[in-house]
Amino acid sequence: MVASCKNGKLFGKKSEKSDVTGWNYNDKNQGGYQVSKEKEQRTGPGLVFVQGGTFTMGATEEDVMGDWNNVPRRVTVNSFYIDQTEVANVHYREYLYWINTVFDGDEHEAIRNGALPDTLVWRSELAYNEPLVEYYFRHPSYNYYPVVGVTWKQANDFCLWRTDRVNELELIKRGFINDKSLKNISGIAEENFNTKSYLTGEFQATPGKAAKSKKNTLKNPNGTPRTQVTFEDGILLPAYRLPTEAEWEYAALGYVNQNPMPSKKEGKRGEELVTNKQVYSWSNNVNGLRDTRKGSWQGTFLANFKRGSGDNMGVAGGLNDRAVYTAPVQSFFPNGFGIYNMSGNVNEWTGDVYRPLSLNDFDDVSPYRGNKYETVDRTSGKPERDSLGRIKYRMMTDDESKNRRNYQKADVINYLDGDSLLQGVTYGYGVTTLISDKSRVIKGGSWNDRAYWLSPGTRRFLEEDQASSTVGFRCAMDRVGSPEGNGRKTGINYKQRRQNTRKKR
């Protein structure tokens with residue numbers, strides 16, 4: 001027994017120790033400080049990993065619209081995750097099913113109605129589009145076609161809901177929440193699972209069997225099983241959200257395919273090189289719209305778009321893109337990151353507030369316009385939940401920010417473009433411009449757009465409370481840990497070599 005005790009553990013198991021105190025981690029006899037054994041971030045459902053890097057954001061061809069709103073600018077994008085496809089009708093109907101089931105009372109009618117997409121966006125004064133109004137969102141034939149008629153606010157709410165459902169299911173699978181909660185999601189609306197409410201202790205879940213088991217790897221300081229998961233445990237995923245404009249454009253271009261020798265595994269060094277400047281999101285014909293590979297695909301269109309005036313589909317017997325309106329979300333060929341329809345099909349919402357000169361003002365790393373800094377509302381002394389079961393937040397006050405060096409205001413949407421720091425630049429919506437603080441960037445081009453808008457560098461905007469038959473969305477997620485992905489290290493780890501002490505003769 002004595003012989004098998006090494007480093008304070010039985011059977012020679014080495015204990016992790018603090019480099020600054022020498023105390024053991026996960027040891028009830030030395031304070032019980034817990035350090036997670038989870039080392040990597042899981043890839044959430046529907047997502048693909050996008051390895052970040054530097055690229056030239058903005059125009060890749062002539063500015064034929066004369067907007068001057070996408071002047072080329074080199075930036076760096078951190079690694080992140082993004083949906084492989086656009087959110088489809090069947091996915092959004094799943095969201096509505098949950099909303100209608102959980103918020104089923106008369107008092108929640110506004111919530112249920114507020115989540116509905118606007119199917120009337122298909123109407124046009126001089127076109128017969130009533131079949132799309134009636135059937136596009138509901139009929140199973142269109143299950144995997146991109147959802148449209150969704151505002152930016154609705155898309156953002158979908159991301160919040162998706163975060164909670166994914167994290168809730170993970171806790172159930174691991175036995176930290178009772179699996180019976182899946183069988184009946186109806187009940188008190190305020191008592192539905194919310195990630196933030198759970199982490200702050202305001203939502204009390206019924207523990208599952210694994211949480212109470214002695215085999216539970218999560219422990220309290222005294223060594224007993226811990227039923228409440230924290231974010232430090234590495235089990236819960238970061239929030240789903242809308243991608244920033246820079247992230248969306250970077251993911252669309254997929255420049256990893258233009259690297260002749262990328263690093264594909266740990267220890268193998270890659271080239272820092274991009275061989276071609278792409279106009280569209282595909283790499284096999286960087287300046288063209290058709291597939292150039294020999295075979296049955298040769299000459300076929302690489303995206304769903306409008307070829308010319310009055311030509312949205314082609315000629316009977318030889319339809320060019322085989323879609324008059326939208327196409328299924330896995331149509332056409334994926335780009336370098338394995339992402340579908342980043343050019344064509346539908347325009348997509350991004351997280352950014354639109355300004356014509358944002359590319360001139362952006363930070364070099366992780367550029368984004370639209371920050372409004374909030375904090376948990378603790379007016380009553382502790383976090384509170386709203387009628388949806390979500391933690392209440394409030395805007396930070398100028399007084400709370402005045403002594404900071406990195407920002408002095410909570411609402412910085414207009415920073416350097418419309419605020420008091422830049423005299424004479426204001427946005428009088430409806431008077432001198434159509435740009436407002438509710439204008440959100442849309443990108444990618446759609447089934448009803450000419451090829452010019454298929455270039456990821458082009459940019460337009462739509463008000464966040466408006467919708468269109470040509471605008472859909474996809475979700476993104478932050479990447480934590482190594483920027484090269486799971487199983488990879490951060491930084492250059494040089495091996496220590498023994499010096500040659502032999503004297504030369």
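Start by selecting two groups of side chains: His91, Tyr92, Glu94, Tyr95 and Trp98 in helix H1, and Gln154, Asp157, Phe158, Trp161 and Arg165 in helix H4, because this is where the two helices meet. Keep in mind as you click around that this is a predicted model.

**Stop 1: the H1/H4 crossing**

Now show the two helices as cartoons. H1 covers 89–102 and H4 covers 152–173. Their axes lie 11 Å apart and make an angle of about 75 degrees. That angle falls between 65 and 115 degrees, so H1 and H4 count as roughly perpendicular to each other.

Stay on H1 for a moment. This helix has 14 residues and reaches 20 Å from its first C-alpha to its last, close to the 20 Å expected at 1.5 Å a residue. Which residues of H1 are buried? Select Asn89, Tyr92, Tyr95, Leu96, Trp98, Ile99, Thr101 and Val102 and you have them. What covers these buried residues includes H4 and another helix, H2 (109–115).

**Stop 2: the core around Phe158**

Go back to Phe158 and show its surroundings. Leaving out residues up to four places away in sequence, Phe158 touches Val87, His91, Tyr92, Tyr95, Phe473 and Cys475. Several names will come up again when you look at the largest nonpolar core, which has 30 residues. The ones with the most contacts inside that core are Tyr92, Tyr95, Phe158, Trp349 and Phe473. H1 and H4 are the elements that give two or more residues to this core. As background, nonpolar side chains tend to be buried together in soluble globular proteins.

There is also a second, separate core, this one of 21 residues. To find it, select Phe55, Val75, Phe80 and Ala476, which are among its members.

**Stop 3: the sheet with E11**

Next, pick strand E11 (residues 439–443). Is E11 mostly covered or mostly open? Mostly covered: 5 of its 5 residues are buried. Turn on the side chains and you'll see Ser439, Val441 and Lys443 pointing one way, with Arg440 and Ile442 pointing the other. In a regular strand, side chains alternate between the two faces of the sheet.

Zoom out to the open sheet of 4 strands, which runs in the order E12-E11-E8-E13 with mixed pairing. Its edge strands are E12 and E13 (471–472), each pairing on one side only.

E11 has a neighbour on either side to look at:

- Strand E8 (residues 347–353) runs antiparallel to E11, joined by 3 bridges. Look for Glu348 opposite Lys443.
- Strand E12 (residues 460–463) also runs antiparallel to E11, joined by 4 bridges. Here Ile442 stands opposite Arg460, and Val441 stands opposite Phe461.

**Stop 4: the antiparallel sheet and its helix**

For the last stop, select the open sheet whose 4 strands come in the order E1-E4-E14-E5, with antiparallel pairing. The edges are E1 (47–50) and E5 (240–241), each paired on one side only.

Zoom in on E1 and E4 (residues 80–83), which pair in the antiparallel sense over 4 bridges. Which residue of E4 is the bridge partner of Phe49? Label Tyr81, and there's your match.

Finally, add helix H7 (residues 245–253). H7 packs on this sheet, touching E1, E4 and E5, and its direction makes about 75 degrees with that of E4.

Notes:
Residues are numbered from 1 along each chain as its sequence is written. This is a predicted model: local features need pLDDT of at least 70, side-chain atom pairs count only at pLDDT 80 or more; totals for chains, interfaces and linings use all residues. Side-chain values use heavy atoms; hydrogens and water are left out. A nonpolar core is a set of buried Ala, Val, Leu, Ile, Met, Phe, Trp, Tyr and Cys residues joined through side-chain atoms within 4.5 Å. Buried means under 20% relative accessible area, exposed over 50%, partly exposed in between (1.4 Å probe, protein chains only). Contact means heavy atoms within 4.5 Å. The expected span of a helix is 1.5 Å times one less than its number of residues. Two strands pair if DSSP finds at least two bridges between them. Axes are lines fitted to C-alpha atoms, for helices over the stretch in contact, and angles run from 0 to 180 degrees between N-to-C directions. Angles under 35 degrees count as roughly parallel, over 145 as roughly antiparallel, 65 to 115 as roughly perpendicular and the rest as oblique.
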